[in-house]
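Please walk through the model shown here, starting from one backbone feature and moving out to the sheets, the loops and the empty spaces.

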Amino acid sequence: MEEITVLVVDDDEEIRNLIAIYLQNEGYRVLKAADGLEALEVLKQNEVHLLVLDIMMPRLDGIQACLKIREEQHMPIIMLSAKSQDMDKIYGLSTGADDYMTKPFNPLELVARVKSQLRRYLRLNQGYAAREDEIEIGDLTINTATREVKVNGRDVKLTPTEFAILELLARNRGVVFSTEQIYERVWKEPFCQSDNTVMVHIRKIREKIEEDTRKPRYIKTVWGVGYKIESVV
């Protein structure tokens, strides 16, 4: 797997940033959220492999967020709490958490627990690699290993460049990419201001995957900014 993503959820910005620094130093991609509701939104738009989840937060606390997340997802969750009583730990673990740490904590110990949980999860979660290779958005399926694309079960033939553009947008659902950003990431060379290459490729992709190119479901145009694929279609 190329990149492992950890979501850090805590209403204390200093704690979020501290944990992020330590995890990024270990090579992890780190996303951050200030409460449970924000965490749920991040999970809708990103593939996350582990959560570090504080319990005491406004709007939606860690316990309720954990219960909600466990309805659909099974990645490891490490809970953080200022409460150190055994019953608090038992309650936290009973809601679906995999581990529990009390504040204040040693960031190096947290990193060690993150590594341990990820090793176990990736080793024992059979079929994980196969799912990792597939991106599903509505009726659109993209297999990044076989380079196959299907819409409603129908095979779609894309050129390597068209596939690279589609994969870039699909892996970053909800993120708007400008024409310049798409060009430089896919072609890996400086963008020429008068170049309409990206626009032409987007049009060709739409012709192949969209039922109605005038009302695209998948690749959306953000006028004056660029293109994106929504997290839900």
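P104 sits in the loop that connects β5 with α5 (107-124). The model is a predicted one, and in it the peptide bond leading from K103 to P104 is cis, with omega near -5°. Most peptide bonds are trans, and most residues other than glycine have a negative phi. K103 also appears among the contacts of D10, a residue discussed below.

Strand β5, which precedes that loop, belongs to an open sheet of 5 strands in the order β2-β1-β3-β4-β5, with parallel pairing. The edges are held by β2 (29-33) and β5 (99-102); each has a single partner strand, so one side of each has no neighbour in the sheet. On average, neighbouring strands of this sheet are turned by 20° against each other, direction ignored. Strands of a sheet pair through backbone hydrogen bonds, either parallel or antiparallel. Here, β1 (residues 5-9) and β3 (residues 50-54) pair in the parallel sense over 4 bridges, and V8 stands opposite V52 in β3.

Two helices can be placed relative to this sheet. Helix α1 (residues 13-25) lies across β1, β2, β3 and β4 (77-81), and its direction makes an angle of about 170° with β2. Helix α2 (residues 36-45) lies across β1, β2 and β3, running at about 140° to β2.

Which residues does D10 contact, leaving aside its neighbours within four places in sequence? The list is I15, R16, A33, A34, D54, M57, L80 and K103. D10 itself is in the loop between β1 and α1. Its relative accessible area is 0%, so D10 counts as buried, the limit being under 20%.

A second loop residue, I55, is found between β3 and α3 (62-69). I55 is buried as well, because its relative accessible area of 10% is under 20%. Not counting residues up to four places away in sequence, I55 touches D61, G62, I63, M79, L80, S81 and Y100. The C-alpha atoms of I55 and A82 are separated by 8.5 Å, while the two residues are 27 residues apart along the chain. L80 is in contact with D10 and also with I55.

The next part of the chain to consider holds another sheet. In this open sheet, 4 strands follow the order β6-β7-β8-β9, and their pairing is antiparallel. Its edge strands are β6 (134-137) and β9 (154-156), each of which pairs on one side only. From one strand to the next, the twist averages 25°. Strands β7 (residues 140-143) and β8 (residues 148-151) pair in the antiparallel sense over 4 bridges, with I142 opposite V149 in β8. Helix α7 (residues 160-171) lies across β6, β7 and β8, and runs at about 110° to β7.

Where are the residues of this region that have a positive phi without being glycine? R147, with phi near 65°, lies in the loop between β7 and β8. R147 is partly exposed, since its relative accessible area is 45% and that class lies between 20% and 50%. N152, with a positive phi of about 55°, has its place in the loop between β8 and β9.

N152 leads on to the empty space in the model. Rolling a probe the size of a water molecule over the atoms shows where empty space is left. A search of the whole structure finds 1 cavity of 30 Å³ or more, and the largest cavity holds about 30 Å³ of space. N152 lines it together with D139, V151, E211, R217 and Y218. By class, that lining has 2 nonpolar, 1 polar and 3 charged residues.

The second largest pocket contains about 230 Å³ of space. Its lining has 13 residues, of which M199, R206, T221, W223 and Y227 lie nearest its centre. The elements giving two or more residues to this lining are α9 (197-209), β10 (219-222) and β11 (226-229). The largest share, 4 residues, comes from α9. The lining of this pocket divides into 7 nonpolar, 4 polar and 2 charged residues.

Methods:
Residues are numbered from 1 along each chain as its sequence is written. This is a predicted model: local features need pLDDT of at least 70, side-chain atom pairs count only at pLDDT 80 or more; totals for chains, interfaces and linings use all residues. Side-chain values use heavy atoms; hydrogens and water are left out. Two strands pair if DSSP finds at least two bridges between them. Axes are lines fitted to C-alpha atoms, for helices over the stretch in contact, and angles run from 0 to 180 degrees between N-to-C directions. Contact means heavy atoms within 4.5 Å. On a 1 Å grid over the protein atoms alone, a cavity is a set of points where a 1.4 Å probe fits but cannot get out, and a pocket is an open set with protein on both sides within 12 Å along at least five of seven lines; lining residues have an atom within 4 Å of a point. Grid points are joined across faces, edges and corners, and a volume is the space filled by probe spheres set on the points. Ala, Val, Leu, Ile, Met, Phe, Trp, Tyr, Cys and Pro count as nonpolar, Asp, Glu, Lys and Arg as charged, and the others, Gly among them, as polar. Buried means under 20% relative accessible area, exposed over 50%, partly exposed in between (1.4 Å probe, protein chains only).
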